[in-house]
Amino acid sequence: SRSLSRTSSAPGALASVRFPAISRRTLPSGLHVWCVPHTAIPVATVTLVLPFGVRDDPAGQPGLAGVLTDLMEEGGNGLDAIAMAEALADLGTEVSIDVGADATTVSCSVLARCFEPAMALLFGLMARPHLSEEDFTRVVELRVNRLTQLKSSASAMADRLLLRGVV
């Protein structure tokens with residue numbers, strides 16, 4: 001049998017960490033833009049942080065923010081979900097949209113050489129989402145099915161019990 005021995009060593013000196021400078025601008029539209037250059041690899045990442053989330057759901061309409069973010073993934077700027085996904089894939093990227101309690105984030109990472117066409121797709125998606133009635137019906141149905149499945153999920157039940165005890 002092997003024995004494990006413990007050795008203790010004194011901690012080393014703290015490493016020097018230098019963060020890049022943050023460039024901050026406000027666009028004429030009022031949008032605040034922060035840029036952190038990182039030139040080690042030719043990749044650009046954009047994250048939009050929108051100041052609304054599930055806490056902003058209207059009374060009697062829980063889940064509206066989630067449905068809205070799901071609908072945002074259904075295409076935009078004249079492209080349906082499949083065409084948008086293909087256009088993004090052609091650029092080697094995808095868009096991620098997540099809703100939290102108090103914010104919604106939209107993010108995309110892309111090779112720097114594909115930045116402008118990727119941003120055109122991203123901003124087209126945000127400014128002119130597809131929002132068809134057919135997509136709305138399907139997205140709501142998927143959410144209802146997901147919630148029904150969560151009723152019998154042990155981890156979801158544990159989360160609900162924890163929240164009851166904490167909140």
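Begin the tour of this predicted model by selecting helix H4, which gives the most to the lining of the second largest pocket, with seven residues. H4 covers residues 133-150, and along with helix H1, at residues 64-72, it belongs to the elements that give two or more residues to that lining.

Keep H4 in view and add H1, so that the two helices can be looked at together. They pack at an angle of about 125°, and their axes lie 10 Å apart. Because angles that are neither roughly parallel, roughly antiparallel nor roughly perpendicular count as oblique, H1 is described as oblique to H4. If you turn the view to look at one helix across the other, the crossing of H1 and H4 is right-handed.

Next, look at the pocket itself. The second largest pocket has a volume of about 390 Å³. Which residues should be selected to find its centre? Of the 15 residues that line this pocket, the closest to its centre are Pro62, Gly63, Gly66, Arg143 and Leu147. Colouring the lining by residue type divides it into ten nonpolar, three polar and two charged residues.

Now move to another part of the tour and select strand S1, at residues 23-26, together with strand S2, at residues 32-35; the two strands run antiparallel and are joined by four bridges. Within this pair, show the side chains of Arg24 and of Trp34 in S2, since these two residues stand opposite one another. Then follow the chain from S1 to S2, which form a hairpin with five residues between them, and stop in the turn at Gly30, whose phi is positive, at about 95°.

Leave S1 and S2 selected, and turn to the largest pocket, which has a volume of about 860 Å³. Of the 27 residues that line the largest pocket, those closest to its centre are Val33, Trp34, Cys35, Thr45 and Val46; Trp34 is thus a residue you have already met, opposite Arg24.

Which elements supply at least two residues each to this lining? Add strand S3, at residues 43-50, and helix H3, at residues 115-127, to the selection, for these two, like S1 and S2, each supply at least two residues of the lining of the largest pocket. S3 gives the most, with eight residues.

As a last step, colour the lining of the largest pocket by residue type, where you will find 20 nonpolar residues, five polar residues and two charged ones.

Note on methods:
Residues are numbered from 1 along each chain as its sequence is written. This is a predicted model: local features need pLDDT of at least 70, side-chain atom pairs count only at pLDDT 80 or more; totals for chains, interfaces and linings use all residues. Side-chain values use heavy atoms; hydrogens and water are left out. Two strands pair if DSSP finds at least two bridges between them. On a 1 Å grid over the protein atoms alone, a cavity is a set of points where a 1.4 Å probe fits but cannot get out, and a pocket is an open set with protein on both sides within 12 Å along at least five of seven lines; lining residues have an atom within 4 Å of a point. Grid points are joined across faces, edges and corners, and a volume is the space filled by probe spheres set on the points. Ala, Val, Leu, Ile, Met, Phe, Trp, Tyr, Cys and Pro count as nonpolar, Asp, Glu, Lys and Arg as charged, and the others, Gly among them, as polar. Axes are lines fitted to C-alpha atoms, for helices over the stretch in contact, and angles run from 0 to 180 degrees between N-to-C directions. Angles under 35 degrees count as roughly parallel, over 145 as roughly antiparallel, 65 to 115 as roughly perpendicular and the rest as oblique. A crossing is left-handed if the near helix is turned anticlockwise from the far one by less than a right angle, and right-handed if clockwise.
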